[in-house]
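Visitor: Could you take me through one part of this model up close? I'd like a single spot and what surrounds it.

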Amino acid sequence: MLKYDAVIFDLDGTLTDSQSGIFACAEYALKKMGLPVPPEATLRRFLGPPLAESYMKYCGMTEEQAAYATDLYRERYIPIGWKENRVYPRIRALLSALKERGAYLAVATGKPEHTSVDILRYFGLLPYFDAVAGPTPEDLHADKGRLIARVLPKGRRAVMIGDTAGDVKGAQDMGIDSIAALYGYGEDSEVLSQGPMHAVKTTEELCRLLCPDMPEAKGCFVTLEGVDGCGKSTQAKALAERLSQFGYTVRRTREPGGCPIAESIRAIVLAKEDGGMCAETEALLFAAARAQHLKDVILPAVKRGEIVLCDRFVDSSLVYQGIARGLGLEWVREMNRFAFQEGRPDVTLYLRMDHGEALRRRLAVSQPDRIEQAGDTFHAQTEAGFETLYRLEKDRYLAVNAAKPAQEVTEEAFAALFARLLKGGVL
Ligand code: TYD
């Protein structure tokens, strides 16, 4: 049985960390006004209270200047700033576990209600909540107690979780228990002096308190594949950032390489002067590097519950050595089966692109390595090879049109990947 079957969360500093977006917008306004940006310790004071108040208190502005600074802040916050949020790790899994166990979940926040709903929706958290309360145009200055009252259900054991003394006081005003989220940005001494019922230093501790039988974090092994120059590295970087904003712990890695021994093998296999390397040697070296990489990096990270994002994996060997170099799919499969028993990717993001266009883009920015020098027929075969694997493994593959502008590719790839993670219970 749950200790509390009605759980009310504050948003900023409890469910999400909005610090980087708020700092960036506060700085943007100050720079536009030609004013100095205060040190980070001062900017931290902007988290929580109304903006205009902070501009007056910490930047010496008049009321009029503060109103103008607030307008400038919004100029950046509305299109970009609100998305520069980070869901704290394990929060999504906690919400899901509480919901599964029949809890009523709500948010009571000092952030305007419509913005809060937008943030929760964007980060895929809204479906977990039964109610959201924040200041509305009709009730701009509602205190925490009043906001809690709006979402508090009758006849349940309720608790309020927040990172500030105001959250604890609001809970006390409404006669319910409170948990101080010390991982947020409220001053620990202030929030503790308000006398919360419990205090937690991490979201992991919060999980243990609210839902002790919750499952461990589930990891996922994701690979990125595609022809040379299809933009995998750019996408891997952007996807890693997006996943971590959504609360996942991400380990980015690549093949060949990813750990010291495999990186040494990479230097041999991609060296330009080794024009005489035979296809068998090449295939064995890729498999050797992979065995070490899996053992040292990939499997331990997945076991810890992380998302591993790996730039190329065994599918590249099947395509490059098996198909394009002509060794045959079966032989390459067999050899890799010897190199590692566990380690099949859970998901493969396939960045689909014409090989000629991809190579042109690649050569415009860097010198070709030994494999990239292999000629058009070879690269045409790699494209056909990936198409074959895609047809054979539609369950594992998520195909994305990689010829579009990079940002659009990221949007499409992330949406597909996130949906797959949720479906697989990777929270
Ligand atoms: P890299 O510089 O990482 O290229 P990219 O960014 O396109 O992945 O070089 C890796 C090269 O090695 C690339 O041409 C594909 C090739 N390769 C294989 O031939 N077999 C394999 O098993 C792997 C992992 C890569």
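**A close look at H293 and the ligand**

Guide: Let's start with H293, whose side chain makes a polar contact with the side chain of E255 at 3.3 Å (a polar contact being a pair of N or O atoms within 3.5 Å; within protein, one must be able to donate a hydrogen and the other to accept it, and residues adjacent in sequence count only if both atoms are side-chain atoms). Bear in mind that this is a predicted model: local features need pLDDT of at least 70, side-chain atom pairs count only at pLDDT 80 or more, and totals for chains, interfaces and linings use all residues. Residues are numbered from 1 along each chain as its sequence is written, and side-chain values use heavy atoms, with hydrogens and water left out.

H293 counts as buried because its relative accessibility is 0% (buried is under 20% relative accessible area, with a 1.4 Å probe and protein chains only). Leaving aside residues up to four places away in sequence, H293 touches several others, including T253, G257, C259 and C310 (contact is heavy atoms within 4.5 Å).

H293 belongs to helix α13, residues 279-303 (helices are DSSP runs of H or I, at least four residues, numbered from the N terminus). That brings us to the ligand: α12 (260-270), α13 and α14 (314-324) each give at least two residues to the shell around the ligand. The largest share, four residues, is from α14.

Now the polar atoms. A side-chain N or O atom of R290 is 3.0 Å from a ligand oxygen, and a polar side-chain atom of S317 lies 2.5 Å from a ligand oxygen. For Q321, a side-chain N or O atom is 2.8 Å from a ligand nitrogen.

Definitions and conventions
Buried < 20%, exposed > 50% of the residue type's maximum accessible area, 1.4 Å probe, protein only.
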